[in-house]
Amino acid sequence: MFDFFVSHSSIDKNTIVDDLVGTLQNMGYSIWYDKNEILAGDNILSAVQKGLENSYCLILVLTNNFIKSKWTFYETGVFLSLIHISEPTRH
């Protein structure tokens, strides 16, 4: 299991995301970061799906690039679909 899945625009990797992931890893957190987890030849959709399923939390690196990305929309939607919200029990 991963502590965090980092959803971001690939445009922001070098300017924001690499430093964020490095800092979190130095703090002892396990991070699902596509750059480290998706290998050449992997099915990207499948790898992302498994990463989301095996992460406790989703970090959204919100930038203008994030908002324009179709991947971040997909990742957010998949993660939200994995959350099971139940109604409180009424007494």
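How many bridges join strand 1 to strand 3, and which way do the two strands run? Select both and take a look: five bridges join them, and they run parallel.

Before going further, a word on the model. It is predicted, so local features need pLDDT of at least 70 and side-chain atom pairs count only at pLDDT 80 or more, while totals for chains, interfaces and linings use all residues. Residues are numbered from 1 along each chain as its sequence is written, and side-chain values use heavy atoms, with hydrogens and water left out.

**Stop 1: the strands**

Helices (H or I, at least four residues) and strands (E, at least two) are DSSP runs, numbered from the N terminus. Two strands pair if DSSP finds at least two bridges between them. Stay with strand 1 and pick S7, whose bridge partner in strand 3 is L60. Now add strand 2, which is joined to strand 1 by two bridges and runs parallel to it. Here F4 stands opposite I31. Five of the six residues of strand 1 are buried, where buried means under 20% relative accessible area, exposed over 50%, and partly exposed in between (1.4 Å probe, protein chains only).

**Stop 2: helix 1**

Next, select residues 13-26, which form helix 1. Its buried residues are K13, V17, V21 and L24. Seen down the helix axis, they fall within an arc of 80 degrees, so they line one face of helix 1; the arc is that of the directions from the axis to the C-beta atoms. Turn to the other side to find N14, T15, D19 and N26, which are exposed.

What do the buried residues of helix 1 pack against? Show strand 1 (2-7), strand 2 (31-32), helix 2 (34-37) and strand 3 (55-60) to see their partners; contact means heavy atoms within 4.5 Å. Just after the helix comes G28, with a positive phi near 100 degrees.

**Stop 3: the salt bridges**

The structure holds two salt bridges, each a side-chain nitrogen of Lys or Arg within 4 Å of a carboxyl oxygen of Asp or Glu. Show the side chains of K13 and D34, which meet at 2.6 Å, N to O. K13 lies in helix 1 and D34 in helix 2, so this pair ties together parts that are 21 residues apart in sequence. K13 is buried, at 16% relative accessible area, whereas D34 is partly exposed, at 24%.

Finish with K35 and D18, whose side chains meet at 3.0 Å, N to O. K35 is partly exposed at 46%, and D18 is partly exposed at 23%.
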